[in-house]
Amino acid sequence: MIRNGRSFDGRVDAPADSGAGTGRAAETPGTSGAVVMELRGITLRFGGVTAIRETTFDIQEGEIRAIIGPNGAGKSSVLNVINGFYHPQEGEIWYQGRQRGVLKPHQIAHQGIARTFQNIALFRGMTTLDNIMTGRLTRMKSGIFRQLAWWGPAEREETEHREAVEQIIDFLEIQAIRKTPVGRLPYGLQKRVELGRALAAEPSLLLLDEPMAGMNVEEKEDMSRFILDVNDEFGTTIALIEHDMGVVMDLADRVVVMDYGRKIGDGTPDDVRSNEAVINAYLGVAHD
Amino acid sequence: MLYREVGDFKASYAADQATFSIAFDRWFYHGILAFAILVVPFLINDYWANAVILPFLIYSIAAIGLNILTGYCGQVSLGTGGFMAVGAYACYKLMTAFPELNIFFCVLLSGGVTALVGAVFGLPSLRIKGFYLAVATLAAQFFLVWLFNKVAWFYNYSASGQINAPERTVFGFEVTGPEAMPWSAYLFCLVFVIGLAWAARNMTRGSNGRRWMAIRDMDIAAEIIGVNPLGAKLGAFAVSSFYVGVAGALFFSVYLGAVEVTEAFGIQKSFIVLFMIIIGGLGSIFGSFAGAAFMVLLPVLLKNIMVGKLGWATDLAAHFEFAIVGALIVFFLVVEPHGLAMLWRIIKEKLRLWPFPH
């Protein structure tokens, strides 16, 4: 799964918060254009509150798609719709060329969508290794009766998946904390372990909910590099929510901007930056 | 021989995942197994078997069972006594209905029956958690005991309402009934303990155990990574109840011989087993044994000291016993909330560096 000979071409050498990024779309048109995920006219209501209003956008294979917007704009709700926590009242979800019915989150995980959470949602009682191993659960088949005896298939399967997980541990440079319970790790590392757990599923669509929230500049740079590497090396399609505009503009191929549950902008970082509605949403607009 | 990992190089992931990764631990474990199988049967007498060893072994099975449910999967249950009763009555019905069937299979099948019942009573866990689930399982406890009292079919319409274990043999040696020898009853239970503890370790170390622990630590995240909560929770209830059912069957057939359900499998059984896993350590197979040993041995030890050595009156000693055991439980929980298993882990960590800690 993991190719050797990674190339760090120094693209993220510029500090993530430079704000001068031109977006990657111009330099790396790495997307094949095939649509992985498409939301069509999604409306999500909670009682009288409409969290998402007739929102339509797509995520293309191999791209990094950012979703931005002020607080309460409905960004996280969009991710929750994609991975099945919420079921929209209206609209269609198309995944890999097929319309998706109402599925439970664990069924959606088996279709190849993985995610991380805004507030870390690791399994605190387990070690780093075990946490990342849980990411492989969708790919492990041994039933309870095979595990009873352990010898044979169960042990073989465990070792196979351990190898894949060790590669992720190498990739994320967390070898030293392999056997540490995650509850004892500092925040930045926990975020990294959570990314590892999502990667372990080898997802075809990876959702990252504020992967850099609460991090310092250095940690943000590390995380940006991991996200870019994941995208480049594994070709994983990524949809991410992030508040740090510098990071978003540097990482994303295309950006969706939301405000009050509506999509108000969509396009390359440069398009979005010059979009009137987006500027108004972020800077406020004079009501006269 | 020092307790070290030095020189113990692991060349494969399989070796790294071994249960006893330190050579000393492996020898210790095999030593205990050999002692239990080869030596204890020759030393055991009636007193040791009935006061200490049989209850310890049987409670260990029950504790492992509850630990799978509560310690590994995070579902609190107060229905242990009721599920033990299911195992006992299933065993009784099987023994009387199929006299030809070997007692070994009777006990296993009783576990299977209990697993089914446990899975049914586990259904509420899909909707409710924590204390609320504990109350729902409490309902199972009271319902099951009431059922076995009320429906005469379960105790074969006997006048006393009791169930009595008929005599059964394994390889020609009696393991149940009044004629059973202590060593044969002991070995019979030991087979179950070793087999079930080994299976429990295997079930909890791999993907299956991770599924349970993921549900325990954060059920929402578990669902996101592809764990089906229905399967994981009901699976844990079924496996746990299988263990508890086997424990109940052995408790009735091998240990007590005659059982009246309210007395033998009342709510206090549920609490005792719950105490065992809390004191022993949640989420640890070793902890289940340690907790069972603590709760079984300590009262016997105290009684021997107070009545035997100090010459106190039996009733006075009995009351003091409760007070002291209670105080010790509180003490242990304050000093080490993660139980004896954690204490053991800390000792081992220290031992790795001893005698040069710096």
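Biologist: What makes strand β9 of chain A count as mostly covered?

Modeller: The count is 6 buried residues among the 6 of β9(A), which spans residues 254–259. A residue is called buried if 20 or more other C-beta atoms, placed from the backbone, lie within 10 Å of its own; 12 or fewer make it exposed, and values in between make it partly exposed. The model is a predicted one, in which local features need pLDDT of at least 70 and side-chain atom pairs count only at pLDDT 80 or more, while totals for chains, interfaces and linings use all residues. Residues are numbered from 1 along each chain as its sequence is written, and chains are lettered from A and ligands numbered from 1 in the order in which they are written.

Biologist: How do you know which faces of β9(A) are covered?

Modeller: On one side A:Arg254, A:Val256 and A:Met258 are buried, and on the other A:Val255, A:Val257 and A:Asp259 are buried. Both faces are therefore covered, each of these residues meeting the definition of buried.

Biologist: What makes β9(A) and strand β10 of chain A a pair, and in which sense do they run?

Modeller: Strands are DSSP runs of E with at least two residues, helices are runs of H or I with at least four, and both are numbered from the N terminus. Two strands pair if DSSP finds at least two bridges between them. β9(A) and β10(A), the latter at residues 262–267, have 5 bridges in the antiparallel sense, so the requirement is met. A:Val256 has A:Asp266 as its bridge partner. The two strands form a hairpin with 2 residues between them, and A:Tyr260 in the turn has a positive phi of about 50°. β9(A) also pairs with strand β3 of chain A (64–68), in the parallel sense over 4 bridges, with A:Arg65 opposite A:Arg254.

Biologist: Why are β2 and β5 of chain A called edge strands?

Modeller: Each of them, β2(A) at 49–60 and β5(A) at 98–99, pairs on one side only. They belong to an open antiparallel sheet of 4 strands in the order β2-β1-β4-β5. β4(A), residues 90–95, is joined to β5(A) by 2 antiparallel bridges, and two is the minimum for a pair, so these strands qualify. A:Trp94 stands opposite A:Gln99 there. Helix α1 of chain A (75–82) packs on the sheet by touching β1(A) and β2(A), its direction making about 65° with that of β2(A). Such angles run from 0 to 180 degrees between N-to-C directions, with axes fitted to C-alpha atoms, for helices over the stretch in contact.

Biologist: Why is A:Arg225 called partly exposed?

Modeller: A:Arg225, in helix α7 of chain A, has 15 other C-beta atoms within 10 Å. That value falls between the limits for exposed and buried, so the residue is classed as partly exposed.

Biologist: How do you know where domain 1 and domain 2 of chain A touch?

Modeller: The bounds, from an automatic or database assignment, are 32–112 + 203–288 for domain 1 and 126–202 for domain 2. Residues are in contact if their C-beta atoms, placed from the backbone, lie within 7 Å. By that test 11 residues of domain 1 meet 10 residues of domain 2. The largest share on the domain 1 side, 4 residues, comes from α7(A). That side has 8 nonpolar, 2 polar and 1 charged residues. Here Ala, Val, Leu, Ile, Met, Phe, Trp, Tyr, Cys and Pro count as nonpolar, Asp, Glu, Lys and Arg as charged, and the others, Gly among them, as polar.

Biologist: What does each chain give to the contact between chain A and chain B?

Modeller: Chain A gives 33 residues and chain B gives 26. The chain A side divides into 15 nonpolar, 10 polar and 8 charged, and α5(A) gives the most to that side, with 6 residues.

Biologist: What makes helix α8 of chain B largely enclosed?

Modeller: All 11 of the 11 residues of α8(B), at 207–217, are buried, so the helix is largely enclosed by the rest of the structure. Its cover includes α3 and α4 of chain A and α3, α7, α9 and α10 of chain B.

Biologist: Why is the largest nonpolar core said to lie between domain 1 and domain 2 of chain A?

Modeller: A nonpolar core is a set of buried Ala, Val, Leu, Ile, Met, Phe, Trp, Tyr and Cys residues joined through C-beta atoms within 7 Å. Of its 172 residues, those touching the most other members include B:Ile58, B:Ala88 and B:Tyr243. Helix α10 of chain B (229–256) gives the most, with 17 residues. Both domains of chain A give residues to this core, so it lies between them.

Definitions and conventions: Two residues are in contact if their C-beta atoms, placed from the backbone, lie within 7 Å.
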